[in-house]
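Trainee: Before we look at the fold together, could you take me through the sheet, its helices and the charged pairs, one step at a time?

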Amino acid sequence: MSSPRVAAVFGASSGMGRASALALGAEGMDVAVLARRKVELDDVAAEIRESGRRAHVEPVDLTDGAAARRAVRAVVDGLGRIDVLVYAAGWNIPKRRLEELSGDDWEAMQRVNLWGLYDVAQAALPALRASHGRLVVISSAAAIMPDASGVAYQAAKSGEAGFTLGMMQEEAENGVRATVIYPGLTDTPLLEQRPTPTPPEIVAQALQPEDVARAVVFVSTLPERAYVPELSLLPAAVQQR
């Protein structure tokens with residue numbers, strides 16, 4: 001009997017990452033959950049275990065590149081493999097306009113959203129090659145439809161997309177598949193980082209994290225002969241992101 005597939009979800013403590021971790025567990029995968037906040041990760045892991053799957057909790061600060069790489073190795077050591085790597089970590093700031101954006105915030109934005117992806121994807125590459133695995137990166141619709149989400153955020157999310165598509169070109173011959181998902185406005189804690197609160201009537205029509213999680217499961221469970229390079233997922237009634 002073959003071993004269960006293993007998913008590693010970065011940014012699994014809340015929002016789209018949390019929903020994706022739970023959905024992949026419900027799909028029958030063992031799941032490693034990774035983020036900064038251990039208490040929230042423990043809660044997600046408990047739900048995954050209730051479905052009969054193994055869950056590995058690995059707190060990690062993605063601004064520390066060495067720690068991010070150690071976390072990947074800890075997942076492989078703990079669960080034996082990585083078949084699906086989901087990068088759902090994301091961050092934004094209220095002072096996001098170019099005229100007020102500080103150098104420290106610019107650097108932190110790239111470190112969490114883009115450099116973290118580089119660190120974990122490179123560290124996980126041997127495991128993904130061994131399993132003919134999937135990289136799924138949750139970017140943002142702002143990467144393809146520019147808006148007022150902030151130049152640092154848009155630059156980082158556009159960079160995530162370029163990284164993912166480029167990795168697919170490099171690693172296709174090794175059996176690795178890479179997909180970037182562009183969600184539109186989604187009701188997650190990241191909305192709290194907006195300089196002006198999103199009106200409740202708009203939030204009420206936004207995507208839910210579970211909608212994005214269903215897309216993650218879809219692209220993660222296709223047969224090896226097929227893959228989705230890019231997937232845009234937008235709320236039908238909301239044009240603002």
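Mentor: Let us begin with a term: two strands pair if DSSP finds at least two bridges between them. Please keep in mind throughout that this is a predicted model.

Trainee: With that in hand, what is the order of the strands in the open sheet?

Mentor: The sheet is an open one built from seven strands, and its pairing is parallel. Its edge strands, each of which pairs on one side only, are strand 3 (55-59) and strand 7 (230-233). Read across the sheet, the order is 3-2-1-4-5-6-7.

Trainee: By how many degrees are neighbouring strands of this sheet turned against each other on average?

Mentor: The value is an average over neighbouring strands of the sheet, with direction ignored. Taken in that way, the turn is 15°.

Trainee: Which residue in strand 2 stands opposite F10?

Mentor: Strand 1 (residues 6-10) and strand 2 (residues 30-35) pair in the parallel sense, and five bridges join them. Within strand 2, the residue that stands opposite F10 is L34.

Trainee: Which strands does helix 3 lie across?

Mentor: It helps to place helix 2 (residues 38-50) beforehand, since that helix packs on the sheet and touches strand 2 and strand 3, its direction making about 170° with that of strand 3. Helix 3, for its part, runs at about 160° to strand 3. The strands that helix 3 lies across are strand 1, strand 2 and strand 3.

Trainee: How many nonpolar residues are there in the contact of helix 3 with helix 4?

Mentor: Helix 3 (residues 65-79) and helix 4 (residues 103-131) pack at an angle of about 35°, their axes lying 9 Å apart, and the crossing is right-handed. From helix 3 the contact draws on G65, A68, R69, V72 and V76, which meet residues of helix 4 including R111, Y118, D119 and A127. Sorted by class, the contact of helix 3 with helix 4 has two polar and three charged residues, and the number of nonpolar ones is eight.

Trainee: R73 is also in helix 3; is R73 buried, partly exposed or exposed?

Mentor: In space, the C-alpha atom of R73 is 15 Å from that of L117, and the two residues are 44 apart in sequence. The relative accessible area of R73 is 46%, and the class between buried and exposed runs from 20% to 50%. R73 therefore counts as partly exposed.

Trainee: Turning to charges, which residue meets E47 in a salt bridge?

Mentor: A search of the whole structure finds 11 salt bridges, and in this one the N to O distance is 2.5 Å. The pair links distant parts of the chain, 29 residues apart, with E47 in helix 2 and its partner in helix 1 (residues 15-26). E47 is partly exposed at a relative accessible area of 36%, and the partner, at 27%, is partly exposed too. That partner is R18.

Trainee: And D83, which meets R81 in a salt bridge: why does D83 count as buried?

Mentor: The side chains of D83 and R81 meet at 2.7 Å, N to O, and R81 is partly exposed, with a relative accessible area of 30%. Buried means under 20% relative accessible area. D83 counts as buried because its relative accessibility is 3%.

Trainee: Which residues are linked with D30 in a network of salt bridges?

Mentor: A simple pair serves as a contrast: E99 forms a salt bridge with R97, the closest N and O atoms being 3.5 Å apart, and both E99 and R97 are exposed. In the network, the residues linked with D30 are R53 and R54.

How values were computed
Residues are numbered from 1 along each chain as its sequence is written. This is a predicted model: local features need pLDDT of at least 70, side-chain atom pairs count only at pLDDT 80 or more; totals for chains, interfaces and linings use all residues. Side-chain values use heavy atoms; hydrogens and water are left out. Axes are lines fitted to C-alpha atoms, for helices over the stretch in contact, and angles run from 0 to 180 degrees between N-to-C directions. Helices (H or I, at least four residues) and strands (E, at least two) are DSSP runs, numbered from the N terminus. A crossing is left-handed if the near helix is turned anticlockwise from the far one by less than a right angle, and right-handed if clockwise. Contact means heavy atoms within 4.5 Å. Ala, Val, Leu, Ile, Met, Phe, Trp, Tyr, Cys and Pro count as nonpolar, Asp, Glu, Lys and Arg as charged, and the others, Gly among them, as polar. A salt bridge is a side-chain nitrogen of Lys or Arg within 4 Å of a carboxyl oxygen of Asp or Glu. Buried means under 20% relative accessible area, exposed over 50%, partly exposed in between (1.4 Å probe, protein chains only).
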